[in-house]
Amino acid sequence: MSAYKSDFLNVLATRGFIHQISDAAGLDALAAKSEAVAYVGYDCTAASLHVGHLLSIMMLHWLQATGNKPIALMGGGTTRVGDPSGRDETRKLLTYEQIDANKASIRTTFDKFITFGAGKSDAVMIDNAEWLTKLNYIEMLREVGRHFSINRMLTMDSVKLRLEREQELSFIEFNYMILQSYDYVELARRFGCNLQMGGSDQWGNIVNGIDLGRRMGTHQLYALTCPLLTTASGAKMGKTAAGAVWLNADMLSPYDYWQFWRNTEDGDVARFLKLFTTLPLDEIEKLAALKGAEINEAKKVLANEATALMHGRAAADQAEGTARKTFEEGALADTLPTIDIPANALDQGYGVLTAAVTAGLVASTGEARRQIKSGGLRVNDAAVSDEKLALTRANLTPEGVIKISLGKKKHVLLKPV
RNA sequence: GGGGGAAUGUCCCGAGCGGCAAAGGGGGCGGACUGUAAAUCCGCUGGCUAUGCCUUCGUAGGUUCGAGUCCUACUUCCCCCA
C-alpha cells in the first residue's frame with residue numbers, strides 16, 4: 001500500500017487526492033524529509049470559497065499534518081486578470097473593491113484547516129497582489145516574458161480549447177498563466193516553496209511555472225494536481241439547487257452544509273469520506289461496507305465530520321439533531337432555519353404565497369402557486385391545496401411557530417415577533 | 001478597408017410564414033416510487049394586487065391595427081476577401 005516513502009504522498013494517494021505529479025520520486029524525497037513547501041492559489045472571485053475548493057484545502061491540511069509547510073496564496077493580483085482555464089467565456093472583470101472584499105471574506109476559511117504561524121511547518125498566507133501590482137511592464141517582459149514561447153502556450157489546453165471552439169481569448173487572459181508562473185517563482189524565492197498543488201485543470205499553469213523556475217534559476221519545483229470532482233452520476237460537484245455550496249457560514253448555514261453532505265449519492269460516500277474527512281481509513285472501510293439503507297449511517301458520519309471540520313463540532317451536532325428530529329422523528333425541530341414575521345400579520349391573515357416567498361422557499365408568488373398546484377408546499381406538514389389560504393394564529397404550533405416546507409427537505413419556521 | 005452571417009425566454013443550447021408569453025432539449029424544482037440515495041415515470045419551469053394587467057427575443061428608431069419576425073442606424077461576435 002505504501003508506494004511512497006513520505007507520509008504526505010502516502011496519505012494523499014490512499015485517500016484519492018492524486019491526479020498527476022510532475023516528478024513523484026523527487027517530491028517524495030522532499031516530503032519524506034518534511035521539506036515540502038507547497039502552495040495553492042485561490043482567486044478572489046466570490047465572497048466565499050465553495051466545496052470545489054475543499055479538495056485542495058484538504059491537501060494543504062494533510063501537507064501540514066505530515067510535517068510540511070503550506071502556503072495559502074490569495075489571488076488578489078491574479079483575480080484582477082482572470083483565469084481562462086476551463087471557461088468558454090471571458091470572466092467579467094471584478095473591481096478592485098470587490099476583490100478586496102472577497103479576499104477578506106475568504107481568508108478565515110483557512111484557519112479551520114491549517115495552523116498559521118512562524119514555525120517551520122506553520123502555514124503562511126500571502127497575497128500575490130503584493131508583487132504582481134508592482135511589476136513594471138518592460139522589466140517583466142525582459143525578465144519573464146522572454147522565457148515564454150507563444151508556440152508552446154498555444155498548445156496549452158486552456159488556450160487551445162478556446163481557439164478550437166473559436167471562442168474569444170483576450171490578451172489579458174492570455175497573460176494569466178504568465179502571472180501564475182511568476183507567482184510560483186516568487187514564492188520559491190521568498191519561502192523556498194517547491195510544490196504547487198491545484199485541480200487538474202491547473203496542470204498547465206503549474207507546469208509552466210516549473211518551467212519558468214528552471215529558466216530563472218530557482219531550485220527544482222514540483223506539481224501535484226487532484227482530480228476534478230464529479231458525483232457518481234456525473235454532475236459537477238458543489239452545485240445544488242440553491243447554487244454553490246459555500247463554505248462561509250453567512251452564505252450557507254451549517255445546517256444546509258450538513259444537509260449537502262447528508263444527501264450524497266450512495267456511490268460517492270466512501271470516496272467523499274476519504275477526501276473530505278480526517279477519519280482513519282480503516283474506519284472509513286467499515287462505513288463503506290454498509291449496504292442498502294444502512295449507507296445512510298455512513299452519510300451521517302460524512303455530514304458530521306465534514307461539518308465539524310468546517311463549522312466546528314457543536315454546529316455539526318446541532319445540525320444532526322435538527323435533521324434527526326425533522327426527518328426521523330417527524331417532530332418539530334426549533335433549530336430549523338427561522339424567519340421572523342410581524343405578529344400582527346397573523347391577526348390580519350398572512351397569505352401562504354407571501355409566506356413562502358418570505359421564507360425564501362420560492363422566488364415568486366407565481367412559483368408558490370405552481371408548487372401548491374403540484375402539492376409541494378406544506379404548512380405544518382399538511383399539504384396546502386388552496387393558494388388563497390391565510391395563515392393566522394390558529395396555525396401556530398404549541399411551540400409558537402409555523403413550519404412551512406417545500407418538498408421533503410426544505411423547511412423554514414416562521415416566528416411571529 | 002470591402003462582402004456575407006449571427007445575437008431568442010438573464011442557467012445553458014436552440015426552433016420561430018407579421019397575431020407570440022414564443023416549439024423542442026439540457027439543467028433545475030415539485031409529485032410518485034424509495035432510504036433525506038440512484039435509476040425510472042409524471043407535472044412545472046416570465047412577473048403581478050390575476051377570468052385581467054405588465055415586462056420579455058443585442059440597442060435605438062421606423063413601417064403596420066398588430067413586429068421576435070419587415071425597414072434604417074448603432075453595438076458586439078463570426079466567416080470570406082484585402
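The following exercises, each with a worked solution, concern a predicted model of a protein chain.

**Exercise 1. Overall description**

Task: Determine how many helices and strands chain A has, what its C-alpha trace spans, and what share of its residues is buried.

Solution.
1. The secondary structure of chain A consists of 19 helices and 15 strands.
2. The C-alpha trace spans about 75 × 45 × 40 Å when taken along its principal axes.
3. Chain A has 417 residues, of which 50% are buried.
4. Among contacts in chain A with a separation of 6 or more, 74% join residues 24 or more positions apart.

**Exercise 2. Surface and charge**

Task: State what area chain A exposes, and how many positive and negative side chains chain A has.

Solution.
1. The exposed area of chain A is about 19,300 Å².
2. Carbon and sulfur atoms supply 51% of that area.
3. There are 46 positive and 48 negative side chains in chain A.
4. The centres of these two sets lie 1 Å apart.

**Exercise 3. The nonpolar cores**

Task: Identify which residues have the most contacts inside the largest nonpolar core, and which helix supplies the largest share of this core.

Solution.
1. The largest nonpolar core has 67 residues.
2. Those with the most contacts inside this core are Phe-8, Leu-54, Phe-110, Met-197, Leu-224, Tyr-257 and Trp-261.
3. Helix H3, residues 51–65, contributes 9 residues, the largest share of this core.
4. A second core, separate from this one, has 32 residues, including Trp-131, Leu-179, Leu-221 and Ala-223.
5. Returning to Leu-54, its contacts beyond four places in sequence are Phe-113, Leu-247, Tyr-257, Trp-261 and Phe-276.

**Exercise 4. Salt bridges and their accessibility**

Task: For the salt bridges of Glu-35 with Lys-33, Arg-190 with Glu-186, and Arg-313 with Glu-305, give the N to O distance and decide whether each partner is buried, partly exposed or exposed.

Solution.
1. As a general principle, side chains of opposite charge can pair when their charged atoms come close.
2. The structure holds 16 salt bridges, and the cut-off for one is a nitrogen to oxygen distance within 4 Å.
3. Glu-35 and Lys-33 are joined at 3.8 Å, N to O.
4. Lys-33 has a relative accessible area of 51%, so it is classed as exposed, the threshold being over 50%.
5. Glu-35 has 38% relative accessibility and is therefore partly exposed.
6. In the salt bridge between Arg-190 and Glu-186, the closest N and O atoms are 2.9 Å apart.
7. Both of these residues belong to helix H10, residues 176–191, where they are 4 residues apart, about one turn of the helix.
8. Arg-190 is partly exposed at 37% relative accessibility, whereas Glu-186 is buried because its value of 12% is under 20%.
9. Arg-313 and Glu-305 meet at 3.2 Å, N to O.
10. Arg-313 is partly exposed, with a value of 42%, whereas Glu-305 is buried at 17%.
11. Salt bridges with shared partners also link Arg-152, Asp-211, Arg-214 and Arg-215 into one network.

**Exercise 5. Two residues of helix H15**

Task: Decide whether Val-301 and Thr-307 are buried, partly exposed or exposed, and list which residues each contacts beyond four places in sequence.

Solution.
1. Val-301 lies in helix H15, residues 295–311, and Thr-307 is found in helix H15 as well.
2. The relative accessible area of Val-301 is 24%, so Val-301 is partly exposed.
3. Thr-307, with a relative accessible area of 0%, is buried.
4. Val-301 is in contact with Leu-273, Leu-279 and Leu-287.
5. Thr-307 touches Pro-254, Tyr-257, Trp-258, Trp-261, Gly-312 and Ala-316.
6. Two of these, Tyr-257 and Trp-261, are listed among the residues with the most contacts inside the largest nonpolar core.
7. Val-301 and Leu-228 are 73 residues apart in sequence, and their C-alpha atoms are 23 Å apart in space.

**Exercise 6. A loop residue**

Task: Locate Trp-246 and determine how far apart Trp-246 and Ala-46 are in sequence and in space.

Solution.
1. Trp-246 occupies the loop between strand S8 (243–244) and helix H12 (254–262).
2. Trp-246 and Ala-46 are separated by 200 residues in sequence, while the C-alpha to C-alpha distance is 9.7 Å.
3. Beyond four places in sequence, Trp-246 contacts Ala-46, Ser-48, Leu-49, His-50, Met-251, Leu-252 and Tyr-257.

Key
Residues are numbered from 1 along each chain as its sequence is written. Chains are lettered from A and ligands numbered from 1 in the order in which they are written. This is a predicted model: local features need pLDDT of at least 70, side-chain atom pairs count only at pLDDT 80 or more; totals for chains, interfaces and linings use all residues. Side-chain values use heavy atoms; hydrogens and water are left out. Helices (H or I, at least four residues) and strands (E, at least two) are DSSP runs, numbered from the N terminus. Buried means under 20% relative accessible area, exposed over 50%, partly exposed in between (1.4 Å probe, protein chains only). Contact means heavy atoms within 4.5 Å. Accessible areas come from the Shrake-Rupley method with a 1.4 Å probe; for residues, only the protein chains shown count as cover. Lys and Arg count as positive and Asp and Glu as negative; His and the chain ends are not counted. The place of a charge is taken as NZ of Lys, CZ of Arg, CG of Asp or CD of Glu. A nonpolar core is a set of buried Ala, Val, Leu, Ile, Met, Phe, Trp, Tyr and Cys residues joined through side-chain atoms within 4.5 Å. A salt bridge is a side-chain nitrogen of Lys or Arg within 4 Å of a carboxyl oxygen of Asp or Glu.
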